[in-house]
Amino acid sequence: MRIAFQKHLKKLEKDLFNMAKMVAIAVDRSITAMKERDVHEAKKIRKDDIHINNKRFDIEEQCIHLFATQQPVAGDLRELIAILSIITDLERMGDYAEGIAKVVILLADKPPVKPLIDIPRMAEIAIDMIHRSLRAYAERDVEAARQITLQDDELDELYHQIFRELVSIMIENPRTITRCTYLLWSAHNLERIGDRVTNICERIIFLVTGELVENIAKH
Amino acid sequence: MLNLFNAMTQFKPEGFSSLLSNNSTTNTHENMPMQEKQEEKQKNRMETRNLTVRYGSNVGVENVSLPIYDKEVLALIGPSGCGKTTYMRALNRMHDLTRGSSVTGEVLLDGKNIYHSDVNPVIIRRKIGMVFQKPTPFPTMSIYDNVVAGLKLVGIRNRALLDEVCEQALRQAALFDEVKDRLRSPGSSLSGGQQQRLSIARALAVDPEVLLMDEPTSSLDPQSTSRIEELIQTLKEQVTIVIVTHNMQQAARVSDRTAFFYVGKLIEAGPTSTLFTNPSKTRTEEYITGRFG
């Protein structure tokens with residue numbers, strides 16, 4: 001039995017969950033900073049993104065090392081491939097959180113165009129999706145992975161609602177165009193997080209079944 | 001190889017004619033409705049049906065049914081004592097030479113049972129050649145004589161033909177360029193990797209249809225191993241190859257299909273790429289990922 005290899009895989013999985021936690025926290029912090037118009041916190045979030053990036057490279061290096069030294073096959077091979085793919089998605093989610101933090105800084109000296117209700121709601125769903133997807137990964141739960149992608153539809157619906165609302169505000173008052181565009185940018189970032197979680201769910205299905213599928217809710 | 005084939009068929013004993021004949025009544029498989037579907041996918045060169053091998057009261061291989069497709073490389077994997085070598089030795093009647101062993105079930109070559117009483121095992125071993133774990137050059141023979149030993153054994157003396165076959169077999173075994181200037185040197189003067197390729201050349205010289213390789217690289221260094229692996233890729237264009245290996249990565253690299261054996265039983269067989277990425281049986285997964293064995 002390859003005990004050392006199995007230990008290393010467990011450690012890798014733990015690192016992956018830690019990275020996912022870092023990303024979920026970054027998204028949460030960025031939305032809190034937006035609600036509280038906290039520029040200081042937004043700057044910190046942007047600075048902290050480096051830790052997520054470093055974590056991604058650290059995990060990637062570990063995967064490369066295991067490929068080179070252990071020649072993984074079957075479930076082990078699929079897990080390493082899944083991890084490599086998932087860390088790319090997580091790293092991009094970190095960038096989306098950083099993007100929202102940038103919007104916080106850009107909007108800091110401008111009056112709000114509307115009360116923030118739907119964007120925090122989107123963030124709530126996105127964060128929940130991240131947590132649920134990693135739980136499905138840990139439990140190798142294909143059915144849960146499929147269910148999570150249904151939440152992405154909810155996120156898409158909210159985004160379109162925000163889009164329509166902001167467009168009508170811009171039409172009514174063109175002086176709000178810059179501020180509304182920044183808010184659209186934030187909503188779009190949250191919508192993209194949902195897409196990235198869907199990618200993770202596809203990788204969970206690959207990890208468990210060996211099947212590479214898209215639009216998994218429809219399968 | 002056409003000259004060689006003509007020369008060899010002149011020496012065929014009675015039993016061989018039944019192997020070459022298409023009129024044998026022993027093959028019920030030809031009338032099976034699934035046969036057409038099978039041929040659409042891939043032609044069977046060999047097949048075992050309910051093959052069981054016993055050593056006295058011990059069962060080495062139990063009830064194994066497995067097709068071996070034409071010009072494929074089939075890897076047999078499994079932990080020590082799982083029956084993979086026993087299974088492979090049954091494919092060319094090597095158990096005939098082991099006291100107390102018995103074989104039941106069928107081993108078909110081109111649809112004909114090689115265990116039929118009419119069949120001469122010597123002819124079978126010529127059609128189904130074997131390469132062993134350790135290189136086996138005849139120590140007192142030259143490189144040349146090692147290669148043509150099988151042909152001389154059946155009475156072929158035509159010098160020009162022997163020269164042609166020797167060169168061709170050595171080329172097939174990717175050894176000719178290294179030994180062409182010293183064909184009269186003893187086979188044992190070659191390096192381990194070269195000796196193994198010489199053994200392969202000797203097996204190829206009699207123009208086999210199937211080549212059985214029992215851990216052919218286990219006693220070789222990495223460079224010689226990779227030469228043999230490359231050679232297997234070239235040879236499969238001409239012969240069907242069955243290889244027993246303990247090296248998972250080797251099985252993954254060289255074979256088209258892989259069969260996993262455990263305690264004498266065939267657990268799973270399928271395309272190598274599927275078996276090593278998504279095996280269907282838990283036992284297979286546990287073995288190839290090193291969780292046991």
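Glu214(A) sits in the segment that comes after α6 of chain A. In this predicted model, Glu214(A) is exposed, its relative accessible area coming out at 59%. Some 13 residues away along the chain is Cys201(A), and the C-alpha atoms of the pair are 9.6 Å apart.

That brings in helix α6 itself. Two packed helices are described by the angle between their axes and the distance between the axes. For helix α3 (residues 74–107) and helix α6 (residues 177–209) of chain A, the angle is about 170° and the axes are 9 Å apart. Since angles over 145 degrees count as roughly antiparallel, that is the label for α3(A) against α6(A). On the chemistry side, the residues in the contact of α3(A) with α6(A) split into 20 nonpolar, 7 polar and 9 charged.

Helix α3(A) deserves a few words of its own. It runs for 34 residues and spans 50 Å from first C-alpha to last, close to the 50 Å expected at 1.5 Å a residue. Of those 34 residues, 26 are buried, so α3(A) is largely enclosed by the rest of the structure.

Next up in chain A is helix α4 (residues 118–139), with 22 residues. From its first C-alpha to its last, α4(A) reaches 31 Å, close to the 32 Å expected at 1.5 Å a residue. Things get a bit odd just past its end. Most residues other than glycine have a negative phi. Arg140(A), just after α4(A), goes the other way with a positive phi of about 50°. Arg140(A) belongs to the loop between α4 and α5 (142–172) of chain A. With 30% relative accessibility, Arg140(A) counts as partly exposed, the range for that label lying between 20% and 50%.

Chain A also accounts for the lining of the largest cavity. The structure holds 1 cavity of 30 Å³ or more, and the space in the largest cavity is about 30 Å³. Its lining is made up of Lys114(A), Leu116(A), Ile119(A), Ile162(A), Leu166(A) and Leu183(A). By class, that lining comes to 5 nonpolar residues, no polar ones and 1 charged.

For the largest pocket, attention shifts to chain B. About 570 Å³ of space lies in this pocket. Its lining has 19 residues, and those nearest the pocket centre are Arg125(B), Phe138(B), Gly150(B), Leu153(B) and Arg202(B). Looking at which elements contribute two or more lining residues, the roster is α5 (121–127), β6 (128–131), α6 (143–153) and α9 (192–205) of chain B. The pocket lining breaks down into 11 nonpolar, 5 polar and 3 charged residues.

Among these pocket elements, α9(B) can be followed a little further. With 14 residues, α9(B) reaches 20 Å between its first and last C-alpha atoms, close to the 20 Å expected at 1.5 Å a residue. Fully 13 of the 14 residues of α9(B) are buried, so the helix is largely enclosed by the rest of the structure. Gln194(B) has its place in this helix and is buried, at a relative accessible area of 12%. The C-alpha atoms of Gln194(B) and Ala174(B) are separated by 9.2 Å, with their positions 20 residues apart along the chain. After α9(B) comes Asp207(B), and its phi is positive, near 55°.

Chain B has another positive phi to mention, at Arg93(B), where the value is about 60° although the residue is not a glycine. Arg93(B) is found in the loop between α4 (84–90) and β4 (101–109) of chain B. At 11% relative accessibility, Arg93(B) counts as buried, as that label applies under 20%.

Last comes Met248(B), which has its place in helix α11 (residues 248–254) of chain B. Met248(B) is buried, with a relative accessible area of 11%. Although Met248(B) and Leu76(B) are 172 residues apart along the chain, their C-alpha atoms are separated by 10.0 Å.

Conventions: Residues numbered from 1 in each chain as written. Chains lettered and ligands numbered in written order. Predicted model: local features only at pLDDT ≥ 70, side-chain atom pairs only at ≥ 80, totals over all residues. Heavy atoms only, no water. Axes fitted to C-alpha atoms, helices over the stretch in contact; angles between N-to-C directions. Helix = DSSP H or I, 4+ residues; strand = E, 2+ residues; numbered from the N terminus. Parallel < 35°, antiparallel > 145°, perpendicular 65-115°, else oblique. Nonpolar A, V, L, I, M, F, W, Y, C, P; charged D, E, K, R; others polar. Expected span 1.5 Å × (residues − 1). 1 Å grid on protein atoms, 1.4 Å probe; cavity = no way out; pocket = protein on both sides within 12 Å on 5 of 7 lines; lining within 4 Å. Points joined across faces, edges and corners; volume = space filled by probe spheres on them. Buried < 20%, exposed > 50% of the residue type's maximum accessible area, 1.4 Å probe, protein only.
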